[in-house]
Amino acid sequence: MKAFSTFAVPLRVPDSLSPLLELATNLRWSWDDRAQDLFRGLDPEAWDARRDPLDLLRRLGPDRLERLATDNGFLTHVGDVHAELQRHLEADLWFQGRKSELHSVAYFSPEFGIAESVPQYSGGLGVLAGDHLKSSSGLGLPLIGVGLFYKRGYFRQELAVDGWQRERYNELDADLIGLTRCEGVVVEVDTGDGPMRAQVWRAQVGRIPLFMLDTDIDGNDDATRSVTDELYGGDTEHRLRQEILLGMGGVRALEILGESPNVFHTNEGHAGFLGLERIRRRILDDGLSFPEAIEAVRAGTVFTTHTPVPAGIDRFPRELMERHFKGWADDCNVPFDELMALGHNPGEPPGAPFNMAVMGMRLAAASNGVSRLHGEVSRRMFAGLWPGIPAVEVPIGSITNGVHAHSWVSPEMRSLLNRHVGADWAREDADRWSRIDDAGDAELWDARNLARSRMVAFVRRRLGLRDTLDPGVLTIGFARRFATYKRATLLLSQPDRLAELLLSADRPVQLVFAGKAHPADDAGKAMIRDVVSLASRRDLRHRMVFVPDYDIGVARALCQGSDLWLNTPLRPMEASGTSGMKAAFNGALNCSVLDGWWAECYDGRNGWAIPSASGADDVESAGDPHNGHSRDEFEASALFDLLEREIVPLFYDRRDSASPPAGWLNRVRASLRSLGWFVPASRMVRDYASELYEPAAARNGMMTGSDYDAARSLAAWKAKLRTEWHGIRIDSVQSQPATPQLGETCTVAVSVNLGGLEPEDVTVELLHGSAGDSSELLAPAVEPMVLADGVWRASWAPETSGRQGFTVRVVPSHPHLPSFGELGLVTWAES
Ligand SMILES: *Cc1c(COP(=O)(O)O)cnc(C)c1O
């Protein structure tokens with residue numbers, strides 16, 4: 001029967017247990033093994049089934065809690081674990097040792113994946129955001145998370161008997177999952193439907209607060225109350241309302257909460273409206289013009305793009321934008337076309353939908369992709385925003401993703417790493433990680449076997465099957481979103497070959513799949529159905545399973561227990577990928593297409609690269625179904641070859657059945673040694689802090705100080721450059737000698753007519769080095785030329801023989817310009 005009414009009754013504990021309640025509420029428990037052991041000790045079964053400390057305490061019931069409240073042994077134990085939490089909250093950590101202008105970073109993201117008990121994430125983007133918060137806590141970085149609270153979270157996956165995915169939504173009570181209401185805080189945002197109000201919840205992630213806006217409050221009409229119903233649910237307009245709330249409401253919430261971040265990080269385009277809200281404040285509160293406000297705001301903004309797939313970017317049609325942003329445009333006295341221009345992708349016709357990634361980049365002084373390869377692909381993909389700038393100089397950098405080590409590592413591997421690399425292994429450098437070579441075969445193999453057995457037990461429990469999988473068999477894990485470009489069914493394309501691998505009498509293999517398809521993605525759902533259907537074949541089902549409802553808990557079990565972590569995206573469509581990093585910490589070996597993070601981390605010894613079909617490097621050909629088909633065939637065969645000839649034989653190469661596979665474990669050590677220092681999120685967050693946040697804080701100080709003088713003058717200077725740039729002429733270029741020999745110094749002299757500009761507005765640059773077949777300079781050196789007596793001069797000398805060349809260009813120069821390319825203005829010498 002259905003309840004007439006339901007409500008949350010918060011947990012109350014006796015006073016002496018309040019430290020226990022704090023341990024259950026601060027999400028640091030999710031990476032603190034002592035806190036986890038404490039909870040597991042209270043009810044191992046409930047803990048292993050749900051891993052939710054508050055739920056566990058509620059289930060204990062008042063009587064048990066009363067007894068615990070007077071159990072001195074227990075209270076001492078709680079006191080110890082709580083003292084450690086307290087120390088973490090107060091300690092001087094990495095950031096406290098830095099001299100930095102960074103006051104705090106507001107990190108905006110549509111989803112945060114911290115623990116399976118707080119289901120406010122769909123996949124990789126959210127888990128990355130959660131790991132970012134956790135590592136920020138570990139480094140003492142002053143970061144504030146800003147997101148939405150989705151009452152129904154993301155869908156839970158169920159399978160119909162035919163293997164077709166069904167979506168089910170559970171209603172969540174924010175209080176019951178450990179969020180605290182920010183009393184008295186109500187944020188109001190105007191939209192085309194009138195005012196939208198939201199309350200704010202706070203989650204505590206170690207030292208880091210995460211604020212989540214929630215429109216489900218009295219006073220909102222039903223439509224508005226449902227704005228924060230589901231993550232990525234609803235139609236385009238629903239998504240737009242959510243993004244308005246996240247971006248604009250998030251900025252207002254911070255203000256009401258008294259937070260004053262000097263850096264804003266827009267994690268993917270969804271959060272991009274934070275820039276518009278801050279621009280409105282500069283215009284209304286400080287009297288800046290629109291261009292001046294843009295300079296004032298973007299100086300302290302960092303934008304991260306997460307997808308090389310154009311379809312993955314949010315785009316909103318003009319009618320919708322007009323409906324919801326007319327108020328903004330009126331407030332700011334900005335013509336609507338100018339607002340639309342902020343989100344206009346130059347490759348598209350004038351009335352094209354408003355592109356959130358394009359606005360994100362225009363409103364951030366620093367943008368980045370999430371792996372080196374993704375940086376390259378993004379520079380090509382967004383090159384149109386900076387016309388005339390060579391792709392390598394497009395101002396989009398990259399910081400490769402990482403994972404929060406302590407959230408993902410198995411207990412066995414943790415103690416092994418503690419022993420050999422040191423207690424601080426998640427933050428040690430490459431040199432220190434080389435000590436992993438001292439780990440012996442026996443202990444490494446024991447850790448692997450234990451984790452594999454635990455995963456088998458986990459899968460059996462989940463599926464309610466007692467005899468599926470085998471704890472001694474080479475286990476391949478494949479868990480990720482079932483998007484078609486990830487090609488989960490690549491191995492299924494040659495079913496006979498696959499069956500032979502799985503059913504080998506002496507060297508069997510087993511496959512564990514998990515993953516959700518987007519509710520609207522029928523092609524992805526068909527892939528799940530195909531996997532499920534093969535896995536239910538009578539002869540294969542003990543060697544192949546699909547684990548439903550992929551979440552952080554499933555990811556942890558699979559990454560810890562798999563021997564081989566498989567990744568088969570169509571290169572270059574995987575921006576980074578992170579699950580393989582989680583697996584690497586656990587002594588699994590990666591076998592992946594050279595895409596995302598693996599493209600820069602594979603070194604020939606630390607795992608395997610699945611060969612890609614040639615010409616496989618541009619996004620267009622990856623999406624072409626015809627080309628895609630032959631590529632699939634080629635790459636599937638290459639993968640089978642690898643498995644049959646190298647991977648399976650190596651795993652089963654043992655002196656006798658009781659001894660560990662020495663060759664395999666050599667690779668595991670090579671993997672840990674080469675990846676261990678690089679893949680932790682602490683490396684990633686330190687890179688963000690030093691390469692992006694701190695420079696952004698410095699720029700922000702510069703641009704907002706002295707009543708925005710610098711922002712005003714930069715805006716005026718940019719306007720001048722845009723009008724005057726076309727007047728620049730490179731009149732002559734002379735080289736002495738004209739054809740220098742190896743090592744011979746050559747002076748280049750250039751005269752430039754700057755039209756309406758002054759010499760200090762520009763830099764004239766000499767580019768020189770090796771040239772290719774069609775005279776293009778390959779990775780040239782770039783040197784500023786010096787102006788004397790009306791002539792710009794610089795010297796160089798060919799450093800190698802072969803075809804050499806040089807050219808000259810004029811680029812904008814201003815002390816407050818983060819990169820010369822951002823105006824998209826450049827004049828090249830023409831021969
Ligand atoms: C790590 C993780 C992901 C991201 O993995 P990819 O390798 O990027 O596909 C997605 N979902 C969950 C639950 C994860 O833990």
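## Overall fold

In this predicted model, the chain is built from 27 helices and 27 strands. Its radius of gyration is 29 Å, close to the 28 Å that the globule rule gives for 831 residues, so the chain is as compact as a globular protein of that length. Along the principal axes, the C-alpha trace spans about 85 × 65 × 50 Å.

Of the 831 residues, 57% count as buried. When contacts between residues at least 6 apart in sequence are considered, 71% of them join residues that are at least 24 apart.

## Surface and charge

The chain exposes about 33000 Å², and carbon and sulfur atoms supply 49% of that area. It carries 88 positive and 116 negative charges, and the mean positions of these two sets are 5 Å apart.

## Salt bridges with partly exposed or exposed partners

The count of salt bridges in the chain comes to 63. One of them joins Arg225 to Asp218, with the closest N and O atoms 3.4 Å apart. The two partners fall into separate accessibility classes: Arg225, at 26% relative accessibility, counts as partly exposed, whereas Asp218, at 65%, counts as exposed because the class begins over 50%.

A further salt bridge is formed by Arg318 and Glu322, whose closest N and O atoms are 2.9 Å apart. Both residues lie in helix α11, which covers residues 318-332, and they are four residues apart, about one turn of the helix. Arg318 is partly exposed at 26% relative accessibility, and Glu322 is likewise partly exposed, at 34%.

## A buried salt bridge and a network

The side chains of Glu822 and Lys718 also meet in a salt bridge, with an N to O distance of 2.6 Å. Glu822 lies in the loop between β26 (804-812) and β27 (827-828), while Lys718 lies in helix α27 (residues 681-724), so the pair ties together parts that are 104 residues apart in sequence. Both partners are on the buried side of the 20% cut-off: Glu822 has a relative accessible area of 12%, and Lys718 has one of 5%.

Elsewhere in the chain, salt bridges that share partners link several residues into one network, whose members are Asp190, Arg252, Glu277, Arg280 and Asp331.

## The surroundings of Glu243

Glu243 is placed in helix α8, which runs over residues 236-256. With a relative accessibility of 3%, Glu243 counts as buried, because that value is under 20%.

Once its neighbours within four places in sequence are left aside, Glu243 is in contact with Met248, Gly269, His270, Phe273, Asp314, Phe316 and Met356. Among these partners, Phe273 is 30 residues away from Glu243 in sequence, yet the two C-alpha atoms are 6.9 Å apart in space. The contact list of this buried glutamate also includes another acidic residue, Asp314.

Terms used
Residues are numbered from 1 along each chain as its sequence is written. This is a predicted model: local features need pLDDT of at least 70, side-chain atom pairs count only at pLDDT 80 or more; totals for chains, interfaces and linings use all residues. Side-chain values use heavy atoms; hydrogens and water are left out. Helices (H or I, at least four residues) and strands (E, at least two) are DSSP runs, numbered from the N terminus. The radius of gyration is taken over C-alpha atoms; the globule rule is 2.2 Å times the number of residues to the power 0.38. Buried means under 20% relative accessible area, exposed over 50%, partly exposed in between (1.4 Å probe, protein chains only). Contact means heavy atoms within 4.5 Å. Accessible areas come from the Shrake-Rupley method with a 1.4 Å probe; for residues, only the protein chains shown count as cover. Lys and Arg count as positive and Asp and Glu as negative; His and the chain ends are not counted. The place of a charge is taken as NZ of Lys, CZ of Arg, CG of Asp or CD of Glu. A salt bridge is a side-chain nitrogen of Lys or Arg within 4 Å of a carboxyl oxygen of Asp or Glu.
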